[in-house]
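Welcome! Take a look at the sequence and the structure below, and then let us walk through a few of the helices together.

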Amino acid sequence: MPRNGGPVSGIMLGIDFGSKFIKVAEVSARGGELELLSAGILPTPSGLLSGDAIVDPQGAAETIKTLLQQVGVHTNKVVITVKGQTSVVIRIIEVPKMREDELADAMRWEIERHVPFASTGAVAMDYAPLQPMSTIPEEETGEVLLAVAEEGLIKAVVDSLELAGLEAVVIDIEPLALGRCFVGKDPELKGRTVAILQMGARSSELTVIGYDNPRLTRTLNIGGNNLTSAIGNALSVSDEEAEKIKKRYAAILVEKLGVPTPTLPPAEEEAPFFPFSPTYELPPEETPPSRVETPPERELPADEKEIREEVFEAMLPILGDIVNELRRSFEYVRSRAEELQIERLIVSGGGALIRDIDKFFSRELGVPTEVGDPLKGMKLNPRLSPAYLREISPLLSVAIGSAIRDFV
Ligand SMILES: Nc1ncnc2c1ncn2[C@@H]1O[C@H](COP(=O)(O)OP(=O)(O)OP(=O)(O)O)[C@@H](O)[C@H]1O
Ligand SMILES: [Mg+2]
């Protein structure tokens, strides 16, 4: 939740433990000014995660330590994020006006009703009303942001950090980190209605921020892994090869896009409380390169153009599925509150590295779209390589949004 009060000083680490890459950002705040002190990414070694959960805290700690040594950090205090998937549910719930002390019971009841894993084991939960209950008129409803995770998942995260010699100040959730990163620290966007699409490897996450708070969060079980598999199938190559090809050639060929498909009718009701499909099982894969390579800018020779076209054709149905999900979600937001017109879509995460992905969404959705710049509004430590930062910046948004938790 946004912090009230004056500027806070300090240094904080943000860690984003993704299934493909582990990211770290260290941010200092002084007199309201933010500085990125260090940042970096490392491929997530295979075997550390099963589904969304860390199953090898010792291995996770070693990887975190290696990354921290590489980037060089000044603090051991960390904010780490989890995201909505099979073992984590993040949801905005509408509740009748009630006293804040009644909310805890109401939330427990919501969890029992709607969180499947709550019936089989212990959960950790947190919630925050999006506006003070006392300000809601009688007979009206308010919204509460609820996050529920399997307790074991949270424990493994905390254990990993401890083993790495770090102190978990807070376990945060991705939608809040993204809201801070792209809206909270951008005076131009503060107060506006902004959708953020975080395109990860296993899944993607849509967050709509309005009045500086999340208005909708939804996990889409579509991510970069699906694109890689589709490319692998189309080109008859292994996933490992497809991943390399994707990084080099993935681009939106704007001239090949047809007329945008019409908007779907708005969903009658919000998607079911637990819209997640079963965990996406990945084929075993090789460790990806430690840096994200951006595709070349130069004009491609004819045979490479052909590959680019094939890659584009392979990705298109999957990107189309994402567009449909976004349309439904945007309609849902509009149907809930007339004044919440999505003014901008920000694309972030590894998928934002697909060349011209912003043009694709803007054309398909009719919403101004940009690839988010997580570094906006921050000073950069002169020690950091601008070229490296440019390369990896779309991957850093969650880590930066976590690190600035107490500063914006
Ligand atoms: N240049 C590129 N073009 C297209 N996709 C890319 C590029 N570089 C990286 N990716 C993809 O981005 C994804 C990794 O992004 P990211 O680090 O945001 O995911 P993650 O956080 O590890 O995954 P998750 O959050 O789902 O666990 C991978 O699917 C990778 O293939
Ligand atoms: Mg991620």
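## A kinked helix

Let us begin with α7, where a kink of about 40° lies at Leu316, shortly before the proline Pro317. Keep in mind that this is a predicted model. Helix α7 covers residues 302-336, 35 residues in total. From its first C-alpha to its last, α7 reaches 49 Å, close to the 51 Å expected at 1.5 Å a residue.

Which residues of α7 are buried? They are Val311, Phe312, Ala314, Met315, Leu319, Ile322, Glu325, Leu326, Arg327, Ser329, Phe330 and Val333. These buried residues pack against the strands β11 (194-199), β12 (204-210) and β13 (213-220), and also against the helices α5, α6 and α8 (357-365).

## Two helices that cross

Two of those partners, α5 (residues 224-235) and α6 (residues 239-249), also pack against each other, at an angle of about 105° and with their axes 8 Å apart. That angle falls between 65 and 115 degrees, so α5 is roughly perpendicular to α6.

On the α5 side, the contact is made by Leu227, Thr228, Ser229, Ile231, Gly232 and Leu235. Helix α6 contributes Asp239, Ala242, Glu243, Ile245 and Lys246. By character, the residues of this contact divide into five nonpolar, three polar and three charged.

## A closer look at Asp358

Our last stop is Asp358, which sits in helix α8. Is Asp358 buried or exposed? It counts as partly exposed, because it has 19 C-beta neighbours inside 10 Å, while 20 or more would make a residue buried.

Leaving aside residues up to four places away in sequence, Asp358 touches Val347, Thr369, Glu370 and Val371. Asp358 and Val371 are 13 residues apart in sequence, and their C-alpha atoms are 6.0 Å apart in space.

Definitions and conventions. Residues numbered from 1 in each chain as written. Chains lettered and ligands numbered in written order. Predicted model: local features only at pLDDT ≥ 70, side-chain atom pairs only at ≥ 80, totals over all residues. Axes fitted to C-alpha atoms, helices over the stretch in contact; angles between N-to-C directions. Helix = DSSP H or I, 4+ residues; strand = E, 2+ residues; numbered from the N terminus. Parallel < 35°, antiparallel > 145°, perpendicular 65-115°, else oblique. Contact = placed C-beta atoms within 7 Å. Nonpolar A, V, L, I, M, F, W, Y, C, P; charged D, E, K, R; others polar. Expected span 1.5 Å × (residues − 1). Bend = angle between axes of the 7 residues up to and from the residue. Buried ≥ 20, exposed ≤ 12 C-beta atoms within 10 Å, placed from the backbone.
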